[in-house]
Every structure is written in C-alpha cells, then in structure tokens.
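Have the model open in your viewer and a selection box ready. We will go from stop to stop, and at each one I will tell you what to pick and what you should find there.

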Amino acid sequence: MMRSRLIVAMLCCGAVPALRAQVICRQPSALCADSRRLTADGSAQRESFQRAVVHNGKWLTAASVVALIAFAEREHSQSRREWNALLDICRSAQDACALGTDGRYVRSDAEQRYQRSRAFDRRANRWLLGAQAGLLATTALFIIDLHPGEGPGNIPFAPVQVGLRIAF
C-alpha cells in the first residue's frame, strides 16, 4: 500500500506544470523584467535535470558498489571464521568429522558450523551479485554522461577501420 502511494506521488510530481518562478526568459539576463515575455521551456529543464541525475547518480552507484563489496567481505570473513572453527573440531579427534549416511556430519556442532559457513557464503555471494549489478549501472551511467558529439580532445588519431579478407 505504501509503495503504491509513493509511486503515485512520484508520478504526480512529474506532471506538475511549470510555475511562474520556474520559467526561463527568452533573452539571457540575470533577472527577467515583467515586460519581457516569459517561456516555460520544460524540455530544457527536463534535459538539465536528467543530466544532473545521471552525473550525480553515477557517483551514488559507485559508492553503493564499494559498500556492497564491504558487506560481502564482512560476510565472507564470518564464513571463514565458522569454517576455521569446523576445522578445529575436525582436528580435535580422528572421527570428529565423520559423515553419516545422509552426508551430514555425525557431530551436531560440526554440522552446525558447516551450515553456518555455507549460509554466510551465500549471503556474501548475494552481496557480490548486487555489487556487480551496481558496477554495470555505474558503467552505463558513466557512458551516458559522456557528452555526445563533443568527444574527448586528447585522441590524436582518427579511428582506423581494420578488415580481413579470406580467399576460398
């Protein structure tokens, strides 16, 4: 219910007409005189807003990638701690890590350590998948933020087309 209200509110914010304070003067000046004709240039405002969202969003997604990797590292270290505790149990006695007919450890504490280690590893994998998705989004936003048609000024050579001919 809350999610649908949030979506409706966001859609309503996008449909609000331009107010007098949001209009752009036809002639470039610091202030618009009342005698000048005002225009509501919504497409230019929308374009500048989208450019700002992309430009700042790429840094937000990059920061989220770093945070997700940090979360994955924390989960992995907890998994490693549980695994080392399992190895300590196995080294304590010769039959401490014996497996039953169902493939589980006979000792309940060894099985519990093993299951906890796997659970932490699964969580770490999920965090890493999220980080990879965030990295893809960050890359896409960096590419989108490139200014089309302007091109970088530090490429000294024109693109070279390479071809290969194979005779049969």
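Start by selecting Cys 90 and Cys 97 and showing their side chains: the two form a disulfide, with their sulfur atoms 1.5 Å apart. Keep in mind as you look that this is a predicted model. Turn the view to look along the S-S bond, and you will find an angle of -85° about it, which makes the link left-handed. Now colour Cys 90 by accessibility; this residue counts as partly exposed, because its relative accessibility is 22% and buried would need under 20%. There is no second link of this kind to look for, since a search of the whole structure finds 1 disulfide.

**Zoom out to the whole chain**

Switch to a cartoon view and colour by secondary structure. You should see 3 helices and 2 strands, and if you follow the chain along its sequence, the pattern reads α-β-β-α-α. Next, try a surface view. The accessible surface of the chain comes to about 13,900 Å², with 61% of that belonging to carbon and sulfur atoms. Of the 168 residues, 16% are buried. If you draw contacts between residues at least 6 apart in sequence, 55% of them join residues at least 24 apart.

**Select helix 3, residues 108-145**

Helix 3 covers residues 108-145, and a ruler is handy here. Its 38 residues should span 56 Å at 1.5 Å a residue, and the end C-alpha atoms are 55 Å apart, so expectation and model agree.

Which residues of helix 3 are buried? Select Ala 110, Glu 111, Ser 117, Phe 120, Ala 124, Ala 131, Gly 134, Thr 138, Leu 141 and Asp 145 to see them. As you look down the axis, remember that an α-helix has 3.6 residues a turn, so residues three or four places apart point the same way. In the list of buried positions, Ser 117, Phe 120 and Ala 124 are a good set to try this on.

**Add helix 2 and look for salt bridges**

Now bring in helix 2, residues 42-92. The count for the structure comes to 8 salt bridges, and three of them make good stops.

Select Asp 145 and Lys 58 to begin. Their side chains meet in a salt bridge, 2.6 Å from N to O. Asp 145 lies in helix 3 and Lys 58 in helix 2, so this pair ties together parts that are 87 residues apart in sequence. Are the two partners buried or exposed? Asp 145 is buried, with a relative accessible area of 10%, and Lys 58 also counts as buried, at 7%.

Move on to Glu 75 and Arg 123. They form a salt bridge in which the closest N and O atoms are 3.6 Å apart. Here too the pair links distant parts of the chain, with Glu 75 in helix 2 and Arg 123 in helix 3, 48 residues apart. Glu 75 counts as buried at 4% relative accessibility, whereas Arg 123 is partly exposed at 39%. Add Arg 74 to the selection and you have a network of salt bridges that links Arg 74, Glu 75 and Arg 123.

For the next stop, select Arg 113 and Glu 82. Their side chains meet in a salt bridge of 3.1 Å, N to O. Arg 113 belongs to helix 3 and Glu 82 to helix 2, so the pair ties together parts that are 31 residues apart in sequence. Glu 82 is buried, with a relative accessible area of 9%, while Arg 113 counts as partly exposed at 31%.

**Step along to Trp 83**

Keep Arg 113 on screen and add Trp 83, which lies in helix 2. The C-alpha atoms of Trp 83 and Arg 113 are 6.8 Å apart in space, although the residues are 30 apart in sequence. Leaving aside neighbours within four places in sequence, Trp 83 is in contact with Tyr 114 and Ser 117. Trp 83 is partly exposed, with a relative accessible area of 30%.

**Finish after helix 3**

For the last stop, select Leu 164, Ile 166 and Phe 168 and show their surface. Together they make a nonpolar surface patch of about 500 Å². Leu 164 lies in the segment after helix 3, and this residue is exposed, with a relative accessible area of 74%.

Methods: Residues are numbered from 1 along each chain as its sequence is written. This is a predicted model: local features need pLDDT of at least 70, side-chain atom pairs count only at pLDDT 80 or more; totals for chains, interfaces and linings use all residues. Side-chain values use heavy atoms; hydrogens and water are left out. Patches are made of residues with over 30% relative accessible area and no salt bridge: like charges are joined within 9 Å, nonpolar side chains (Val, Leu, Ile, Met, Phe, Trp, Tyr) within 5 Å. Accessible areas come from the Shrake-Rupley method with a 1.4 Å probe; for residues, only the protein chains shown count as cover. A salt bridge is a side-chain nitrogen of Lys or Arg within 4 Å of a carboxyl oxygen of Asp or Glu. Helices (H or I, at least four residues) and strands (E, at least two) are DSSP runs, numbered from the N terminus. Buried means under 20% relative accessible area, exposed over 50%, partly exposed in between (1.4 Å probe, protein chains only). Contact means heavy atoms within 4.5 Å. The expected span of a helix is 1.5 Å times one less than its number of residues. A disulfide is a pair of cysteine sulfur atoms within 2.5 Å.
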